[in-house]
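Reader: I am new to this structure and should be grateful for a close look at one part of it, namely how its helices pack against one another. Please set that part in its context as well.

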Amino acid sequence: MVDYGILLAALGILLVFPQIMRLFDNTLIHVVLYVVFSGILGYLMGTDAILLAPLMLLTTYFAAMAVIETRVMRAAIYLLLAMISLGFSYIFLNSEILAALHISVYGGGIAILVLFAAVLIDENSTIVDERTQINGYIITFALAMIMISLVFKGVPKSNVATAIINLDDGFALVHDYSYFLWTTYAHVIPFLAMLILGSLIGAVRLALTDKEVLQEEMEVAI
Amino acid sequence: MTDSPVYEPLLQPLFNFLPDKMTTGVVVAITTLLLGSWVMIQQLFGPWVERKVMARMQGIRGPTYVGWKGILQIPADLLKLIFKEDIMPARADRLGFFISIALISITSIISFAPLPWGTNLMGANFGVGVLYVFAVFSLFPPAMFIGGWSSNSKYALIGGFRSAGQLLAYEIPMFLYGIAIIAVNGTFSLRTITENQMASGVGWNLFSHQLGFLGLITGFIFFIAGVAESERIPFDIPEAEAELVMGPRTEFSGWRYALIMMVEYIHLTVNSLLFIYLFFGGYDAIPWVDLAFEHNWAVQIIVLTAKLYLFVMIAAWLRSALPRMRIDQLLSLGWKQLLPIAIIASIGTLGFVKPSLLGLDAMFKWIISAVTFVLIFLFMFLHFRSTRRRN
């Protein structure tokens, strides 16, 4: 049975931590705060998740900062860090293959695309308005909720020791994963494909519109 | 621990006061740190070997003053750099400047975890060993890019762009070459791949008849991709001195510069080690035979270190002998040549080992090997001919 008091306390810590960190502009204070909050969170969640607590705190902090930060490049850096720390969290949740894939695809591949795009935007421009920030807070809250529920549901059943050491037979994991993806969840794939196709067509449409606007602007400029 | 490593009896009793599950985690962390330190010590002497080899090729003497034959030159340089003033350029992005160095160095150290230095001498026997190393490696392009951007310097920014583009271009073919070996062995574990090569009657994958000699092509090109991943001459486009001063590293000084240069050698070391594990027998001393002394952990460490230095020398030889490529030549080599060859070679290797995958009988496997060789040479011939015509 989940102790809802502890769950709420842990959730509160995850959500309050980024705001408290923002109050100070000193690295030493940041480190001390991080250690203290990690300790409290680890204590609340028990010895099973004590190694995961610092990672969870980092993940939610970076995720929150990615939406709070108004400078585009900084936000992209925070997003990259959130991806990486989330990837490493999977190792402690017995999903090492998912960790490797998450880090290489999102931490390596997608993040570099986001960074390339961010560099092309004016460094001082602000693209985050109040509404976007509220959405960001909601998403961060959801992320914190998911992580907390993962810990309370997943970690006590597993063994952190086996999660780190006894990770044999990666191929069996891939096989199982593929099997479920293409059997149990096979009906989801056409919808996903339609969604991706829709976004692709939308992107092309937007690019063409931008091109027309740009051409008009250039003609006016000439 | 399931692997009963040599260090376990030494470390386990020291942490008995911790909960059982934590003890294992702490022991893994400490072991990775110890083995990582061993690799870091190699970083102090590897560059000395490289500079001596390069000096010999250029008809000069190389480092001579500090220590015997100049062997302590690199530790002396390191000490000097650590004690230098830490300078950050004006208007540099503090977070990016710090994060890039932290990401680069931390990911370098943690990439040692699944690398076995002996049968039972490794940080953690990850089931996803190779995949883990590649995943960690994939964090270098964004880190270098952030470093270049945050320096607030045009040289660093252009270098960062180039570095990210180059690392991406060579990561994919490198992984594809590795996939053939991984699939043939049926595991991601570097230890199991090495142990398979140690068995009696089985040669190292580079020239194994069990792979239809396709390991020769995949291994050779994996090594080239590894050198390109290390951003070394002839692939040092990101830091081309004549154009970009030091590329993304231009504005880093003091301990940051020491760290980033060390990471460059760690890259070379890890790429060489990956090549050794996947193609060159790992810590196996003699191919085709399985002798008792080969299973001694001290022998295994010595053999692996010797192989590592052999590849450091080969890298130094390449660095002295070859001119730098242009950025377009480099990207063309990665995307237009290595990637298609990687796909052909991987399918060929899989087809040779498991012909049923291609719907063929086992008697056709040598034909598959021959066809793969012919296809690759034909592709290379046509590509070079079209490139020559364009130029």
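Author: What follows describes the packing of three helix pairs, together with the confidence of the model and a few individual residues.

The model is predicted, and its overall scores are an ipTM of 0.77 and a pTM of 0.77. In chain A the pLDDT averages 72, with 67% of the residues scoring at least 70. For chain B the average pLDDT is 79, and 91% of the residues score at least 70.

Confidence also varies along chain A. Its lowest mean, 43, belongs to helix α7 (residues 160-164) of chain A, and its highest, 83, to helix α4 (residues 72-92) of chain A. Across residues 154-171 of chain A the pLDDT is below 50, although this stretch has 44 contacts in the model beyond near neighbours in sequence. Where pLDDT is low, the predicted coordinates should not be read in detail.

Chain A contains 9 helices and 0 strands. Of its 222 residues, 32% are buried. When contacts in chain A between residues at least 6 apart in sequence are considered, 69% of them join residues at least 24 apart.

The packing itself may now be taken pair by pair. Two packed helices are described by the angle between their axes and the distance between the axes.

The pair in chain A consists of helix α3 (residues 52-68) of chain A and α4(A), whose axes come within 8 Å and cross at roughly 155°. An angle over 145 degrees counts as roughly antiparallel, and α3(A) and α4(A) are therefore roughly antiparallel to each other. The crossing of α3(A) past α4(A) is left-handed. On the side of α3(A), the residues in contact are L52(A), L55(A), M56(A), L58(A), T59(A), F62(A), A63(A), M65(A) and A66(A). Their partners in α4(A) are A75(A), Y78(A), L79(A), L81(A), A82(A), S85(A), L86(A), F88(A), S89(A) and F92(A). By class, this contact of α3(A) with α4(A) comprises 16 nonpolar and 3 polar residues, with no charged residues.

One residue of this contact merits separate mention. F92(A) is located in helix α4 of chain A. A residue is buried if 20 or more other C-beta atoms lie within 10 Å of its own; F92(A) has 26 other C-beta atoms within 10 Å and is therefore buried. Between F92(A) and L52(A) there are 6.5 Å in space, C-alpha to C-alpha, while the two are 40 residues apart in sequence.

In chain B, helix α7 (residues 154-185) of chain B and helix α9 (residues 215-229) of chain B have axes that come within 9 Å and cross at roughly 150°. This angle makes α7(B) roughly antiparallel to α9(B). Here, too, the crossing is described as left-handed, with α7(B) passing α9(B). From α7(B), the residues Q166(B), L167(B), Y170(B), E171(B), P173(B), M174(B), Y177(B), G178(B) and A180(B) take part. They meet T218(B), I221(B), F222(B), A225(B), G226(B), A228(B) and E229(B) in α9(B). The contact of α7(B) with α9(B) has 10 nonpolar, 4 polar and 2 charged residues.

A further pair in chain B is formed by helix α4 (residues 94-110) of chain B and helix α11 (residues 254-279) of chain B, which pack at an angle of about 40° with their axes 10 Å apart. The two helices, α4(B) and α11(B), are therefore oblique to each other. Their crossing, in which α4(B) passes α11(B), is left-handed. I101(B), I104(B), S105(B) and S108(B) of α4(B) make the contact with R256(B), L259(B), I260(B), V263(B) and I266(B) of α11(B). The residues of the contact of α4(B) with α11(B) are 6 nonpolar, 2 polar and 1 charged.

Finally, two loops of chain B deserve attention for their backbone. Most residues other than glycine have a negative phi. R91(B), however, has a positive phi near 65°. This residue, R91(B), sits in the loop between α3 (73-83) and α4 of chain B, and with 8 C-beta neighbours inside 10 Å it counts as exposed. N152(B) likewise has a positive phi, near 60°. N152(B) belongs to the loop between α6 (140-150) and α7 of chain B, and its 17 C-beta neighbours inside 10 Å make it partly exposed.

Note on methods
Residues numbered from 1 in each chain as written. Chains lettered and ligands numbered in written order. Predicted model: local features only at pLDDT ≥ 70, side-chain atom pairs only at ≥ 80, totals over all residues. Axes fitted to C-alpha atoms, helices over the stretch in contact; angles between N-to-C directions. Helix = DSSP H or I, 4+ residues; strand = E, 2+ residues; numbered from the N terminus. Parallel < 35°, antiparallel > 145°, perpendicular 65-115°, else oblique. Left-handed = near helix turned anticlockwise from the far one by under 90°. Contact = placed C-beta atoms within 7 Å. Nonpolar A, V, L, I, M, F, W, Y, C, P; charged D, E, K, R; others polar. Buried ≥ 20, exposed ≤ 12 C-beta atoms within 10 Å, placed from the backbone. pLDDT = per-residue confidence, 0-100.
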